[in-house]
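The exercises below are to be worked with the sequence and the coordinates at hand. Each task is followed by a solution in steps.

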Amino acid sequence: MRESGTATRKVISPNTGSEIASWREDGPEAIARLIGKMESARTGLRKNPELRKGILENCMAAIQSARDSLAEAIVREVGKKPEEAKAEVEYALSFFAHCRRLLDEYELEMDLANGHSVENVGLGGALLICPFNDPLAGITRKIAPAVASGCPVIVKPSSLAIICAKAMFDAFRNQGVGDEIQMVATGSAQTVACLLSHESIEMVSFTGSTSVGLGLAAKCAKSGKKIVTELGGNCPFVISASADLEAAVDDLLERKLKAAGQACSSVNRVFVDKRVYERFRGKLVERAESVDLAPSNSSPDLGPVRTRNAANGLVELAAKAASTGERYLTGVPAPVERNQPFLYPLTVMESGEASVFDKCETFGPLLSIRPFSDEREFFIRLERERHALAAYFYTGEPEEMLRKLRGLRFGSIGVNSTKIQGADVPTGGFRDAGIGREGGVWGMREFQTTINWKIERPNRFGVKGKLN
């Protein structure tokens with residue numbers, strides 16, 4: 001039952017620019033119900049690893065049963081291409097499968113030699129604030145380790161991906177998933193603040209912009225709550241003189257076109273050894289100009305960005321760069337008008353040593369390229385990178401490159417590969433790119449803490465000691 005007076009929000013399709021659905025925000029009464037359900041589920045989840053296994057298995061079965069409809073929702077609401085949407089459903093599933101395996105392999109309690117035992121326990125109720133760009137996997141990568149750790153959760157999906165989230169939660173309920181996993185439908189900062197301040201919320205996991213994440217971290221610090229964040233990335237793609245340029249262009253475009261460049265780990269800036277710069281630039285521009293741009297349901301090379309404001313923001317950012325001397329290597333993009341698909345073409349700009357893009361994450365199909373001459377100075381520059389989420393290096397001498405990269409502090413580093421992510425590996429960043437890790441056993445540990453046990457039992461004569 002919905003409360004009267006709560007706001008109604010429209011869902012605008014990125015493929016058409018028109019309204020396709022609407023939803024109502026949850027208000028204070030709904031929030032109270034969610035908190036009550038979380039509190040009722042807390043004890044059973046904390047005490048019973050077998051219950052956790054069953055929930056993860058039910059979540060897996062739910063997604064498997066709704067594969068096609070979930071993929072259709074992703075295409076319709078978020079604008080991913082059909083093949084990307086299907087791949088994301090499988091990716092979302094993989095987090096539940098991995099955490100289910102961890103519960104069979106992971107030691108929840110460890111005996112130490114000095115008579116102590118250490119128990120790994122969940123931190124408590126968790127608020128999971130999720131992004132739109134991976135509308136299912138961005139949620140399951142948080143739910144799965146939280147539940148595996150014994151933490152009941154309230155999920156706040158992005159208001160730009162609420163239809164996808166609702167479809168997945170409907171599948172959960174149809175499969176018998178209960179109060180351990182709740183969802184709040186809201187785009188209100190006030191509602192999020194209300195949840196954040198509640199004593200039943202003991203940790204927060206957030207994926208989104210650096211500015212919002214740092215603000216949430218400050219609020220958590222004041223109330224003693226733990227926070228894990230994956231924030232903005234301004235990921236460099238570095239090409240050495242020995243690199244296979246064809247392979248580098250292929251991988252660069254595959255990574256940049258995926259989800260229309262709307263990923264924190266997407267490539268934003270390309271740095272090319274000056275000895276091969278002109279050859280690389282020519283190959284990249286030729287390929288970029290042939291990219292097919294269209295609504296995603298037609299399976300083009302490049303689909304739409306999520307909102308009109310995002311598309312027009314990219315137009316403005318490119319114009320700002322041009323006004324400071326950076327140069328369009330592809331056509332000048334035009335603004336998106338009302339009732340048009342939110343299409344923004346792959347735009348490549350040539351930058352100098354300093355660039356507008358060094359301080360702005362594009363989060364879309366806008367790309368900066370430039371040459372570098374002094375490799376040593378360039379690596380010193382990378383060591384100072386603030387948004388140190390992911391970096392990619394292409395070289396014909398990978399062992400030599402690995403030697404140079406040791407000590408470089410990015411959360412993920414790909415050498416001759418952009419395939420850095422997976423349910424079994426950690427992702428996250430340094431400095432302004434986030435706090436903590438998601439994925440693998442490392443993501444599960446973020447939801448846990450320890451209890452140190454020391455127990456001495458009296459023997460039958462009333463003397464402390466171990467029983468025979």
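Glu254 is partly exposed, with 45% relative accessible area; on this scale buried means under 20%, exposed over 50% and partly exposed in between (1.4 Å probe, protein chains only). The model is a predicted one, in which local features need pLDDT of at least 70 and side-chain atom pairs pLDDT 80 or more, while totals for chains, interfaces and linings use all residues. Residues are numbered from 1 along each chain as its sequence is written, and side-chain values use heavy atoms, with hydrogens and water left out.

**Exercise 1. Find the salt-bridge partner of Glu254 and state which parts of the chain the pair ties together.**

Step 1. A salt bridge requires a side-chain nitrogen of Lys or Arg within 4 Å of a carboxyl oxygen of Asp or Glu. The side chain of Glu254 meets that of Lys419 at 3.4 Å, N to O.

Step 2. Glu254 belongs to helix α9 (residues 245–257) and Lys419 to the loop between β17 (412–415) and β18 (430–431), so the bridge ties together parts 165 residues apart in sequence. Helices (H or I, at least four residues) and strands (E, at least two) are DSSP runs numbered from the N terminus.

Step 3. Lys419 is exposed, at 62% relative accessible area.

**Exercise 2. Characterise the salt bridges Lys80–Asp134 and Arg386–Asp432 by location and burial.**

Step 1. The structure holds 26 salt bridges. In one of them, the side chains of Lys80 and Asp134 are 2.7 Å apart, N to O. Lys80 sits in the loop between α3 (67–77) and α4 (82–105), and Asp134 in the loop between β5 and α5 (137–149), so parts 54 residues apart in sequence are tied together.

Step 2. Lys80 is buried at 7% relative accessible area, whereas Asp134 is partly exposed at 22%.

Step 3. Arg386 and Asp432 meet through their side chains at 3.1 Å, N to O. This pair links the loop between α12 (375–383) and β15, which holds Arg386, with the loop between β18 and β19, which holds Asp432, 46 residues apart.

Step 4. Arg386 is partly exposed at 43%, and Asp432 is buried at 18%. Elsewhere, salt bridges with shared partners join Glu50, Lys53, Glu57, Arg100 and Asp104 into one network.

**Exercise 3. Determine how the buried residues of α8 are placed around its axis.**

Step 1. Helix α8 (residues 210–223) has 14 residues and spans 20 Å from first to last C-alpha, close to the 20 Å expected at 1.5 Å a residue; the expected span is 1.5 Å times one less than the number of residues.

Step 2. Thr210, Gly213, Leu216, Ala217 and Cys220 are buried in α8. They cover an arc of only 125° around the axis, which puts them on the same side of α8; the arc is taken from the directions from the helix axis to the C-beta atoms.

Step 3. Ser211 and Lys222 are exposed on the face of α8 turned away from the buried side. Cover for the buried residues of α8 includes α7 (189–197), β8 (201–207) and β9 (226–230), where contact means heavy atoms within 4.5 Å.

Step 4. Gly224 follows α8 and has a positive phi, near 75°.

**Exercise 4. Is Gln448 buried or exposed, and what does Gln448 contact?**

Step 1. Gln448 is in strand β20 (residues 448–454) and counts as buried at 9% relative accessibility.

Step 2. Beyond its neighbours within four places in sequence, Gln448 contacts Tyr106, Leu108, Asn120, Val121, Gly122, Leu123 and Ser149.
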